[in-house]
Amino acid sequence: MKGWAKAVGAGLGYVVGGPVGAVLGYMAGHKLAPKLQARQGHLLIANLLGFTTLLLKANSAPSSQQRREVVLFLSKLFRFDPEDEELADELLQRLLDVDLDVAAMATTFKKHSDPQMRSRLVQILATLSLLINGPLETKHLDLLKTIAEAINLTPAEWQTIQARYQGPSPQLDIPCCYAILELYPESSEEQIRTGYRRLAKKYHPDRFSHLDQNTQRRYGERMTLINSAYETIRVERGLKQKA
């Protein structure tokens, strides 16, 4: 979504509202000039970054690598340009320094979103949790459920999302699968295979056999997620088994 950074300067902070909007407004006053009107996609991105800070803090102090992985994933999912990426990274840094409250963020988000957007927000957050925290443990599920309830997802909607994203083989949305592989839906078959091979090499267990068990487990979980994303795309595109 090119131009999101400029939309902040157009007053998106006032539309987003709450603690996320306050940080957006602060940043707009310091670096951006108004050029675009706020749109629903911009609202979703801003609130995703806000809620994602809660996921990053779920285990321990978040690392710069985790923050960068979030920005890269969202960049592929929403097609950020370099200015958008810079803004998203800065916003995430600033929001990590703010004590964010689920209810406070949800109150304003509900006013400007529809049920489809609210469901999509929780599904993307579930994918981000898998990306930065690994398999959804009880504390991650509890946090996601709290967010889902705060933005008025029905119990049935939450149960559907939980069933899809919990367990060893999460059922990810197609756009999120491409973002995990650092690709786009229009990527060619060769680009998909090349992208998968690159990540499989990057996260191959042999590269981390000398590291501690927690690190090995974390990278192994990432490889499982990459495999799941690739398999989903392979089936959806009708690609042959080999990569």
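**Figure 1. The end of helix α7 and the glycine that follows.** Just past α7, Gly 134 adopts a positive phi of about 85°. This is a predicted model, and the helix before that glycine is a good place to start looking around. Helix α7 is built from 19 residues. From its first C-alpha to its last, α7 reaches 26 Å, close to the 27 Å expected at 1.5 Å a residue. Is α7 largely enclosed or not? Because 16 of its 19 residues are buried, α7 is largely enclosed by the rest of the structure.

**Figure 2. The whole chain, for orientation.** Stepping back for a moment, the protein chain has twelve helices and zero strands. Read from the N terminus, the elements run α-α-α-α-α-α-α-α-α-α-α-α. The chain holds 243 residues, and 50% of them count as buried. Among contacts with a separation of 6 or more, 77% join residues that are 24 or more positions apart. About 11700 Å² of the chain is exposed, with carbon and sulfur atoms supplying 50% of that area.

**Figure 3. The largest pocket.** Here we look into the largest pocket, whose volume is about 470 Å³. Its lining is made of 25 residues, and the closest to the pocket centre are Asn 59, Gln 66, Ile 132, Asn 133 and Arg 218. Two or more lining residues come from each of α4 (64–78), α7 (115–133), α8 (138–150) and α12 (213–237). Which element gives the most to this lining? Helix α12 does, with six residues. Sorted by class, the lining of the largest pocket has nine nonpolar, nine polar and seven charged residues.

**Figure 4. The second largest pocket.** The second largest pocket holds about 190 Å³ of space. It is lined by 14 residues, and those nearest its centre are Glu 69, Leu 72, Glu 182, Tyr 203 and Arg 222. Helices α4, α10 (174–180), α11 (189–202) and α12 each supply at least two residues of the lining. In this pocket α4 gives the most, with five residues. The lining of the second largest pocket divides into eight nonpolar, one polar and five charged residues.

**Figure 5. A serine tucked into helix α4.** This view stays with α4, the helix in which Ser 75 lies. Is Ser 75 buried or exposed? With a relative accessibility of 2%, Ser 75 counts as buried, since buried means under 20%. Leaving aside residues up to four places away in sequence, Ser 75 touches Phe 80, Glu 85 and Tyr 184.

**Figure 6. Two loop residues with positive phi.** Most residues other than glycine have a negative phi, which gives this last view its topic. Asn 152 has a positive phi, near 75°, and sits in the loop between α8 and α9 (155–165). Asn 152 is exposed, its relative accessible area being 52%. Further along the chain, Glu 182 also has a positive phi, in this case near 60°. Where is Glu 182 found? Its place is the loop between α10 and α11. Glu 182 is partly exposed, with a relative accessible area of 22%. You have met Glu 182 before, as one of the residues nearest the centre of the second largest pocket.

Key
Residues are numbered from 1 along each chain as its sequence is written. This is a predicted model: local features need pLDDT of at least 70, side-chain atom pairs count only at pLDDT 80 or more; totals for chains, interfaces and linings use all residues. Side-chain values use heavy atoms; hydrogens and water are left out. On a 1 Å grid over the protein atoms alone, a cavity is a set of points where a 1.4 Å probe fits but cannot get out, and a pocket is an open set with protein on both sides within 12 Å along at least five of seven lines; lining residues have an atom within 4 Å of a point. Grid points are joined across faces, edges and corners, and a volume is the space filled by probe spheres set on the points. Helices (H or I, at least four residues) and strands (E, at least two) are DSSP runs, numbered from the N terminus. Ala, Val, Leu, Ile, Met, Phe, Trp, Tyr, Cys and Pro count as nonpolar, Asp, Glu, Lys and Arg as charged, and the others, Gly among them, as polar. Buried means under 20% relative accessible area, exposed over 50%, partly exposed in between (1.4 Å probe, protein chains only). Contact means heavy atoms within 4.5 Å. The expected span of a helix is 1.5 Å times one less than its number of residues. Accessible areas come from the Shrake-Rupley method with a 1.4 Å probe; for residues, only the protein chains shown count as cover.
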